[in-house]
Amino acid sequence: ITGCSIVSPGCANCYAMRLAGGRLRHHPTRAGLTKMSNAGPVWTGEVRFNDGVLDQPLRWRRPRRIFVCAHGDLFHEHVPWTWIDRVFAVMRAAPQHQFLVLTKRAERMRMFCAGRPMLPNVWLGVSVEDQRTADVRIPVLLATPAARRWISAEPLLEPVDLRHLQPGD
């Protein structure tokens, strides 16, 4: 999946958004996903399913750690459940790899994962950039069935205190 939209202050300096509107702006998987503003490229909200690269992990023999949808959000509201199903099917078919899935849309991830068997090679994570996003996203992550969970605290816009968060919260 490539493409996204801004959902919180941590999106302001998104590296994928800068790439899509910069040196990759003419690449077929990125063209038109951003528009120029006074602050630089900004996501349009369009997302694309890049079918041509979906099966790449199935061809890699040596185990790898793969950052899934590094230039988009797998759980973006415009990504149909069928696309997410296809991505998870590849992760299921490639148990030799570790797949790291990161989202700012924790609720949608929880909805997708509820009642599904979790794959031991899939790590589910949320991005937090300040106390408010940590307090909202991390409890949803903890309530999401997952073999492993993780947090990306970047860009860290202010100190974040995680001591009050407990599994089961």
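What percentage of the 169 residues in the protein chain do buried residues make up? Buried residues come to 48%, where buried means under 20% relative accessible area, exposed means over 50%, and partly exposed is in between (1.4 Å probe, protein chains only).

Before you start clicking, two notes on the model. This is a predicted model, in which local features need pLDDT of at least 70 and side-chain atom pairs count only at pLDDT 80 or more, while totals for chains, interfaces and linings use all residues. Residues are numbered from 1 along each chain as its sequence is written, and side-chain values use heavy atoms, with hydrogens and water left out.

**Stop 1: the whole chain**

Show the protein chain as a cartoon. You should find five helices and six strands; helices (H or I, at least four residues) and strands (E, at least two) are DSSP runs, numbered from the N terminus. Follow the chain along its sequence and the pattern reads α-β-β-α-β-α-β-α-β-α-β.

Now turn on the C-alpha atoms. They fill a box of roughly 45 × 40 × 25 Å, taken along the principal axes. The radius of gyration of the protein chain is 16 Å, which agrees with the value near 15 Å for a compact globule of 169 residues. That radius is taken over C-alpha atoms, and the globule rule is 2.2 Å times the number of residues to the power 0.38.

For contacts, meaning heavy atoms within 4.5 Å, look at pairs of residues at least 6 apart in sequence: 71% of these contacts join residues at least 24 apart.

Switch to a surface view next. The protein chain exposes about 9100 Å², and carbon and sulfur atoms supply 55% of it; accessible areas come from the Shrake-Rupley method with a 1.4 Å probe, and for residues only the protein chains shown count as cover.

**Stop 2: the largest nonpolar core**

Select Leu 74, Phe 88, Met 91 and Leu 124. Of the 33 residues in the largest nonpolar core, these four touch the most other members. A nonpolar core here is a set of buried Ala, Val, Leu, Ile, Met, Phe, Trp, Tyr and Cys residues joined through side-chain atoms within 4.5 Å. The elements that give two or more residues to this core are β3 (65-68), α3 (81-93), β4 (98-103), α4 (106-113), β5 (122-127) and α5 (131-142). Among them, α3 gives the most, with five residues.

Centre on Leu 74. Setting aside residues up to four places away in sequence, Leu 74 touches Ile 1, Val 68, Cys 69, Val 79, Ile 84, Val 87, Phe 88 and Val 101.

Then move to Met 91, in helix α3. Met 91 counts as buried, at 1% relative accessibility. Beyond its neighbours within four places in sequence, Met 91 is in contact with Val 68, Phe 99, Val 101, Leu 119, Asn 121 and Val 122. Try a distance label too: Met 91 and Ile 66 are 25 residues apart in sequence and 9.8 Å apart in space, C-alpha to C-alpha.

**Stop 3: the loop between β3 and α3**

Cys 69 sits in the loop between β3 and α3. Check its backbone: phi is positive, about 55°, although Cys 69 is not a glycine. With a relative accessible area of 13%, Cys 69 is buried.

His 76 lies in the loop between β3 and α3 as well. Is His 76 buried or exposed? His 76 is buried, because its relative accessible area is 0%. Leaving out residues up to four places away in sequence, its contacts are Cys 4, Ser 5, Gly 45, Val 47, Arg 105 and Arg 108.

**Stop 4: a second core**

Apart from the largest core lies another, of six residues, among them Ala 16, Met 17, Ala 20 and Trp 43. Pick Ala 16, found in helix α1 (residues 15-21). Ala 16 is buried, with a relative accessible area of 3%. Not counting neighbours within four places in sequence, Ala 16 is in contact with Trp 43, Ala 70 and His 71.

**Stop 5: after β6**

Finish in the segment after β6, where Pro 155 lies. A cis peptide bond joins Glu 154 and Pro 155, with omega about -10°.

His 164 is also in the segment after β6 (148-152). At 43% relative accessibility, His 164 counts as partly exposed. For a last distance label, draw a line from His 164 to Val 90: the two are 74 residues apart in sequence and 36 Å apart in space, C-alpha to C-alpha.
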